[in-house]
Structures are given as C-alpha cells and as structure tokens.
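Here are some friendly notes for a first look at this structure. Please keep the model open beside you as you read through the points.

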Amino acid sequence: MSSYFDALETRSADARAADQLAALIEQVERVAAHPGACRIAAESVQSLDDLRHLPVLRKSDLVAWQKENPPFGGMLVRNMAHVFQSPGPIYEPGGVSPDWWRMGRFLNACRIGVGDIVQNCFGYHLTPAGMIFESGARAVGAAVLPAGTGQTELQVTAARDVGVSCYAGTPDFLKVILEKADEMGVTLGITKAAVGGGALFPSLRAYYAGRGISCLQCYATADLGNVAYESDAMEGMIVDEHVIVEIVTPGTGDPVPEGEVGEVVVTTLNPDYPLIRFATGDLSAVMPGSSPCGRTNMRIKGWMGRADQTTKIKGMFVRPEQVAALVAKHPEIDRARVVASREGESDVMTVRIETTGGDADAFAASVAEVLKLKGRVEMVAPGGLPRDGLVIEDQRKYD
C-alpha cells in the first residue's frame, strides 16, 4: 500500500471529530461575521450534529446570488488569485496557497510523487480543473506537462519526448492518447493515472491495467475541490480530511442512515472560501468501516447518479423539494416516492407513501396542493420503498 500523505489520514474517529468540530465552529463564525449572502448565526453550531439544522446551499442559490451581486454573490472570499467559470454560469475563486484544492492527497494515493512527470490533460481555460490537478502535483513534488485537451498527436509526441510517467485527465482521454501512440508506433512510459470528471468504467480500468497502468479516480468539483478519492485498495472513495460530507434525502437537509443512497452535501473547512452544506446534486452512500489501506476516514461508494430528479409530468415540473414538503406536511408519513408512468398516451402520477396509517383522501388532497397535480396515492408499510436515493422515479419509455 502507498505511504500516507500526512498523519491526518490515520487519525482515530474521536480525534478527527474533535478537529472537525473546532474547524467547523471557526468556519461558521467567519461566515456569520461576513455580511454576505449566506447568513448563519455564529452560535448555531456547537456539535457536529448541529450541522444538519443549517440550510442547504444549492448551485441554483449561487447562480441567483451571483447575478445580483457579481462575481461571488456576496460570499466570503479571501486570498483570491484566480477567477474561474463553470456552466450556469457560476464563478469560483482559486487560491495559490499550497494544495489549495486538496488534490495532493489523491495524487499521493496514486503513488505519484518526486521524479514523476504528469501529463495534465484537464482544461486550463475558464475551468479550474487544470489548476486543481497542477496544484496537487506540486504538493507531491511531481513536475507537470500542462497539456490540456485535444491535439492528440502533439500530446503523444510531448509525452514521449519529456518522459511522461503519469496521466491526469478524464477517464477516457487517456485511451485516445494510447491508441494514437499505437497508430504512430510510439511507446509511452505512462504507468500511473489519476482521473476525474467522468465515470471510470470497470472495463476501462481493466484496459489500462492490461497496459501496465494503475488508474485511480477522485470525486472533485470546481466549487469544492477534492471531496473523496480512491486508494490502491479500490474499495470505495475515502473522504478528504478537510471536508465534512453528509448524505441526505434529496430535496431536504435530512441525513439518511449509513448505507442508504442520498444526495452528497459537503462542508469545506477552507477559510478562504467557506461553503457550508453545499449540495452537489450527486447521489452516493456511506460505506461501513474503513479502507483496508489503513486510511480511517469515512468512505462513500462514489458517484451513483444525480439527485436532481426534477421531472415533467402532465406538462408540470415535479421537484424533490415538493416531495419533501409533502412528507413534512404529514407526521405520519415516513417517506414518499413519486412514480411517473404512461397509460395509453397519457402521463400517470402515482405517489407511493410509506406510512403506518393515515387518511388516503387527506394524502391525495395534499398531493394536489403541494405537487400541483392530481395523482394516485398508494400506501405502503414501513420499509416498503427502496432505499436507492430516488424520490421521483420516471418509468416512462422514450424510445
């Protein structure tokens, strides 16, 4: 197994929780003292469990705030060295303090370090991805070939000429480079790959392994930096030491039980750009136990789909937040699931309600009131709905 990036990775659960709480309290105090868009009372967090009572911050909030107060919507930003743009548009700050996006921990887990040359095929224009991985390479002492995307033949030539040993980029672009090298009759020395920004399918990982390349993936975003990463144990993704990750029911801020699928909500402990309970829109689940590699932090299963399940039914959008409001309206409802289907040429909405009892007519009236659509109500016993993170299931076929 690879050596650890620092001692934080092998802390006890109690030590990690104490350090996280102290950092979280400081973070909340910073935000509370800043007259920005995200207003949180300084005394609102006294334990890690208090985090669940704070509002969830969504990308749509950032877009709206940034339009009103560009470029960062009044959010607390310190020590800014770069401004980046992501689709939305959303503008993100970037810093130049060591490993500002916390990518070094992942590259270390990939066994990338001093003596390696990393061909960085993430974009450098507008997007922060290229800078994110470059800062990680500096943190582990590796040199960088800032290759960006495209120009495959030039990429192959440069990789050969400078002795590239590692690749960083999306999972599939490395295969494009390797196939172009084969076509050109060039042998490359790439033995390690750190990928992100897309799904690493088992078949693709196996293809790289067959060519002598160890390929690991991370889960990072432009707003948050690195959130979680694989180690060579390849059992789930280990949460970074400087974020707090919650898995919540989509459309709410309510944490789900361990192992249940929900939306990934992240709180960063970066004082330069505090994001508290930032909803990624991605689905995942917490894995039990810790990694066989010896890193002791919480693990998640990786990307398991999108949490934004907004679906148009009978010409009207139904959103996860509306389903959450329906559940909140009736204490006897444990959870609910909207199912969109077709009968003949018409949409049908069925609302499956998990409850120990209640008035089906009252539930139906609330469905019409909250979801703005009439639908069938189906009552199921506790435990009767799948724990797969879906609150809106679209069963309609479009082919």
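1. A good place to start is I244, whose bridge partner in β11 is T267. Strands here, like helices, are DSSP runs numbered from the N terminus (E, at least two residues, for strands; H or I, at least four, for helices). Before going on, note that this is a predicted model, in which local features need pLDDT of at least 70, side-chain atom pairs count only at pLDDT 80 or more, and totals for chains, interfaces and linings use all residues. Residues are numbered from 1 along each chain as its sequence is written, and side-chain values use heavy atoms, with hydrogens and water left out.

2. The bridge at I244 belongs to a wider pairing: β10 and β11 (residues 262–268) run antiparallel and are joined by six bridges. Two strands count as paired if DSSP finds at least two bridges between them. V243 also has a bridge partner in β11, namely T268.

3. On its other side, β11 pairs with β12 through four bridges, again in the antiparallel sense. Here G262 has S284 of β12 as its bridge partner. Together the strands make an open, three-stranded sheet in the order β10-β11-β12. Its edges are β10 (243–248) and β12 (278–284), each of which pairs on one side only. From one strand to the next, the twist averages 30°.

4. Are the edge strands buried or exposed? Six of the six residues of β10 are buried, so this strand is largely enclosed by the rest of the structure. The same goes for β12, with seven of its seven residues buried. Buried means under 20% relative accessible area, exposed means over 50%, and partly exposed lies in between (1.4 Å probe, protein chains only). In β10, V243, V245 and I247 point one way while I244, E246 and V248 point the other, and all are buried.

5. Do look at the loop between β11 and β12, where N270 lies. N270 is buried, at a relative accessible area of 14%. Setting aside neighbours within four places in sequence, N270 is in contact (heavy atoms within 4.5 Å) with Q27 and W100.

6. Next, the interior. The largest nonpolar core has 49 residues, of which F106, L107, I112, F133, V245 and I300 touch the most other members. Such a core is a set of buried Ala, Val, Leu, Ile, Met, Phe, Trp, Tyr and Cys residues joined through side-chain atoms within 4.5 Å. Helix α4 (residues 129–140) supplies the largest share, six residues. Another core, of 21 residues, lies apart from it and includes C121, Y167, V186 and V195.

7. What does F133 touch, leaving aside its neighbours within four places in sequence? F133 is in contact with M103, F106, L107, N120, F122, A168, A194 and C218.

8. Finally, the chain is divided into domain 1 (13–306) and domain 2 (311–394), with bounds that come from an automatic or database domain assignment. Their centres, taken over C-alpha atoms, are separated by 34 Å. Nine residues from domain 1 and eight residues from domain 2 form the contact. Between them the domains bury about 640 Å², 60% of it on carbon and sulfur atoms. That area is the accessible area (1.4 Å probe) that two parts lose on being put together, summed over both. On the domain 1 side, P250, E260 and V261 lose the most area to domain 2, together 57% of what that side buries.

Definitions and conventions. Axes fitted to C-alpha atoms, helices over the stretch in contact; angles between N-to-C directions.
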